[in-house]
Amino acid sequence: MSSPNVITTCLPASGSNVHKVELPENALVLSPTRQLQSLLTIIRDEKTQRTSDRIIRLLVEEGLNHLPVIDKKVTTPTGQVYNGVAFQGRICGVSIMRAGEAMEAGLRDCCRSVRIGKDEETYQPKLFYAKLPDDIAKRYVLLLDPMLATGGSCIKAIEVLLEHGVEEEKILFLNLIASPEGIQKVCTRFPKLRIITAWVDEGLDSNSYIVPGLGDFGDR
């Protein structure tokens with residue numbers, strides 16, 4: 001099991017809402033750059049009409065950095081041999097409907113030929129719909145859901161992937177905003193997968209909503 005010995009500090013540029021979060025080893029938070037903080041401020045604004053595509057692309061690009069590669073030689077237009085790398089294995093994106101579908105465009109921007117599967121949950125969560133590629137057990141899976149609150153839907157989706165033969169260490173969960181409680185719950189349950197999130201918020205309120213959060217991502 002992963003030990004919670006990694007300390008991540010979220011430091012907004014203004015110095016407000018500063019908090020430290022203790023994370024398991026298999027959880028990673030994007031670097032809190034000014035660009036990322038600005039984008040998160042925009043999508044958190046209740047009056048915003050902007051989308052989160054740029055943040056999603058940052059998450060996908062970071063996720064791709066954690067996939068294994070193999071050596072590959074190519075010949076350049078100048079006739080020279082270049083010693084490069086290529087991804088080892090194929091990729092599948094799986095979105096947890098319906099909020100997770102908003103992340104599909106960002107994934108396709110980075111991986112034009114990626115397969116997309118669906119995994120739909122109810123509030124409880126209880127799976128009532130799954131449409132996954134037949135060969136998903138042979139692929140690395142980027143699981144997509146923008147909000148990680150209690151972790152219930154994420155855990156159910158991971159269970160479905162495991163039931164379809166996907167190896168736990170081949171699952172990367174990409175997420176915009178997470179609660180510390182949700183991260184701990186998922187990482188403790190599945191210590192071999194990796195969570196990559198853009199930001200960790202303060203926690204959950206009495207209704208299990210992420211605070212400060214950004215509301216219902218699917219509705220927005």
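## Asn26 and its polar contacts

In this predicted model, Asn26 sits in the loop that links β2 (19-23) to β3 (27-29). Its relative accessibility is 4%, so Asn26 counts as buried, the cut-off being under 20% relative accessible area.

The side chain of Asn26 has polar partners in the backbone. One is the backbone oxygen of Leu193, which the Asn26 side chain reaches at 3.0 Å. Another is the backbone oxygen of Pro191, which lies 3.4 Å from a polar atom of the Asn26 side chain.

## Helix α1: buried and exposed faces

Helix α1 spans residues 34-44, and its buried residues are Leu36, Gln37, Leu39, Leu40 and Ile43. These residues lie on the same side of α1, because they cover an arc of only 165° around the axis. Arg34 and Thr41 are exposed, and they are carried by the face of α1 turned away from the buried side.

What do the buried residues of α1 pack against? Their partners are helix α2 (53-64) together with the strands β11 (171-178) and β12 (194-200).

## The loop after α1

Asp45 belongs to the loop between α1 and α2. With a relative accessible area of 33%, Asp45 is partly exposed, since that class lies between the 20% limit for buried and the 50% limit for exposed.

Asp45 and Leu214 are 169 residues apart along the chain, while their C-alpha atoms are separated by 7.4 Å.

## Nonpolar cores

The largest nonpolar core contains 29 residues, and Leu143, Leu161 and Val186 are the ones with the most contacts inside it. At least two residues of this core come from each of β2, β3, β6 (90-97), β9 (139-144), α4 (152-163), β11, α5 (180-189) and β12. Helix α4 gives the largest share of this core, with six residues.

Which residues does Leu161 contact, leaving aside its neighbours within four places in sequence? They are Val94, Leu132, Ile136, Val141, Leu143, Val166 and Ile171. Among these partners of Leu161 is Leu143, which is itself named with Leu161 and Val186 as having the most contacts inside the largest core.

A second core, separate from the largest, has 25 residues, including Ile56, Leu59, Val60 and Tyr140.

## Elements that recur

Strands β11 and β12 appear in two of these settings. The buried residues of α1 pack against β11 and β12, and each of these strands also supplies at least two residues of the largest nonpolar core. Strands β2 and β3, which flank the loop holding Asn26, likewise each supply at least two residues of that core.

How values were computed: Residues numbered from 1 in each chain as written. Predicted model: local features only at pLDDT ≥ 70, side-chain atom pairs only at ≥ 80, totals over all residues. Heavy atoms only, no water. Helix = DSSP H or I, 4+ residues; strand = E, 2+ residues; numbered from the N terminus. Buried < 20%, exposed > 50% of the residue type's maximum accessible area, 1.4 Å probe, protein only. Polar contact = N/O pair within 3.5 Å; in protein donor to acceptor, adjacent residues only side chain to side chain. Arc of directions from axis to C-beta. Contact = heavy atoms within 4.5 Å. Core = buried A, V, L, I, M, F, W, Y, C linked by side-chain atoms within 4.5 Å.
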